[in-house]
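Q: Got a minute to walk through this one with me? I'd like to start with the core.

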Amino acid sequence: MSNISRDSFRETQNALNDLRGLLPQAQPNPKHYVGIRLQQGVPFLDADFNEMDDIRRVELETVLARAIGSGVPAGSDGFHIRQHASNNNNFNIEPGLLFVDGWLAYNPTRVDYASQPHRSSPGVAPALLALDSAAANRRDLIYLDAWELEVDSQTDDNLLNPRIGVETCTRLQRAWVVRATTIARD
């Protein structure tokens with residue numbers, strides 16, 4: 001993460017971390033904090049603001065994951081895979097929405113596998129599989145891989161505040177790639 005003073009959401013052992021499986025093991029005495037209250041006459045730190053945002057986000061993600069689940073909402077054709085018109089070693093990914101364990105993934109426009117918007121983002125590992133339609137009797141599993149990227153003014157110069165000449169906050173961006181992996185060869 002960026003230049004933050006501390007991750008108080010994890011450090012306070014919030015019970016929401018256990019619900020979402022964000023920590024490797026359950027906390028012995030989890031706190032059940034659901035909000036942050038500012039006090040008069042004391043400093044307001046980045047950690048307080050970030051914890052407040054984390055509490056709301058993780059609570060919403062938990063509700064979405066448990067109540068809605070994963071999948072494509074009604075009326076959306078999001079991430080539907082279609083044959084590419086001119087290339088057998090490629091396929092199209094349709095625009096729309098998809099819920100992934102409480103996260104909303106959004107694809108605003110049809111894109112093909114070879115030119116997905118986040119295919120070369122930092123941290124994308126392993127590299128995307130090269131498709132080969134010439135491989136006889138091959139079956140691939142196609143799936144969505146979603147993560148969050150931290151974006152700063154080095155990546156998006158709109159985050160640089162022109163009045164003071166620095167970025168005041170970084171942003172988290174939901175990123176995704178559709179992956180293919182070979183599951184069987186007959």
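A: Sure. Keep in mind that this is a predicted model. The largest nonpolar core has 18 residues, and Phe 79, Leu 144 and Val 178 touch the most other members.

Q: Which strands each supply at least two residues of this core?
A: Strand 2, strand 6 (138–151) and strand 9 (171–185).

Q: And which strand gives the most?
A: Strand 9, with five residues.

Q: Strand 2 came up there. Where does strand 2 sit in the open sheet?
A: The open sheet has three strands in the order 1-2-5, and the pairing is antiparallel. Strand 1 (81–83) and strand 5 (111–112) stand at the edges.

Q: Why is one side of each edge strand left without a neighbour in the sheet?
A: Because strand 1 and strand 5 each have a single partner strand.

Q: How many bridges between strand 1 and strand 2?
A: Three, in the antiparallel sense, with strand 2 covering residues 91–93.

Q: What stands opposite Arg 82?
A: Asn 92, in strand 2.

Q: Switching to helix 3. What span should helix 3 have, and what do its end C-alpha atoms give?
A: Helix 3 runs over residues 46–68, which is 23 residues. At 1.5 Å a residue, the span should be 33 Å. The end C-alpha atoms are 32 Å apart, so the two agree.

Q: Which residues of helix 3 are buried?
A: Ala 47, Glu 51, Ile 55, Val 58, Glu 61, Thr 62, Leu 64 and Ala 65.

Q: What about Met 52 in helix 3, buried or exposed?
A: In between. Met 52 has a relative accessible area of 32%. The cut-offs are under 20% for buried and over 50% for exposed, so a value between them counts as partly exposed.

Q: Which residues share a surface patch with Met 52?
A: Leu 38, Phe 44 and Phe 49. With Met 52 they form a nonpolar patch of about 400 Å² of accessible area together.

Q: What comes just after helix 3?
A: Gly 69, which takes a positive phi of about 85°.

Q: Last topic: where is Pro 122?
A: Pro 122 is in the loop between strand 5 and strand 6.

Q: Buried or exposed, that Pro 122?
A: Exposed, because its relative accessibility is 66% and the cut-off for exposed is over 50%.

Q: How far is Pro 122 from Leu 149?
A: Their C-alpha atoms are separated by 8.3 Å, while the two residues are 27 residues apart along the chain.

Key:
Residues are numbered from 1 along each chain as its sequence is written. This is a predicted model: local features need pLDDT of at least 70, side-chain atom pairs count only at pLDDT 80 or more; totals for chains, interfaces and linings use all residues. Side-chain values use heavy atoms; hydrogens and water are left out. Helices (H or I, at least four residues) and strands (E, at least two) are DSSP runs, numbered from the N terminus. The expected span of a helix is 1.5 Å times one less than its number of residues. Buried means under 20% relative accessible area, exposed over 50%, partly exposed in between (1.4 Å probe, protein chains only). Patches are made of residues with over 30% relative accessible area and no salt bridge: like charges are joined within 9 Å, nonpolar side chains (Val, Leu, Ile, Met, Phe, Trp, Tyr) within 5 Å. Accessible areas come from the Shrake-Rupley method with a 1.4 Å probe; for residues, only the protein chains shown count as cover. A salt bridge is a side-chain nitrogen of Lys or Arg within 4 Å of a carboxyl oxygen of Asp or Glu. Two strands pair if DSSP finds at least two bridges between them. A nonpolar core is a set of buried Ala, Val, Leu, Ile, Met, Phe, Trp, Tyr and Cys residues joined through side-chain atoms within 4.5 Å.
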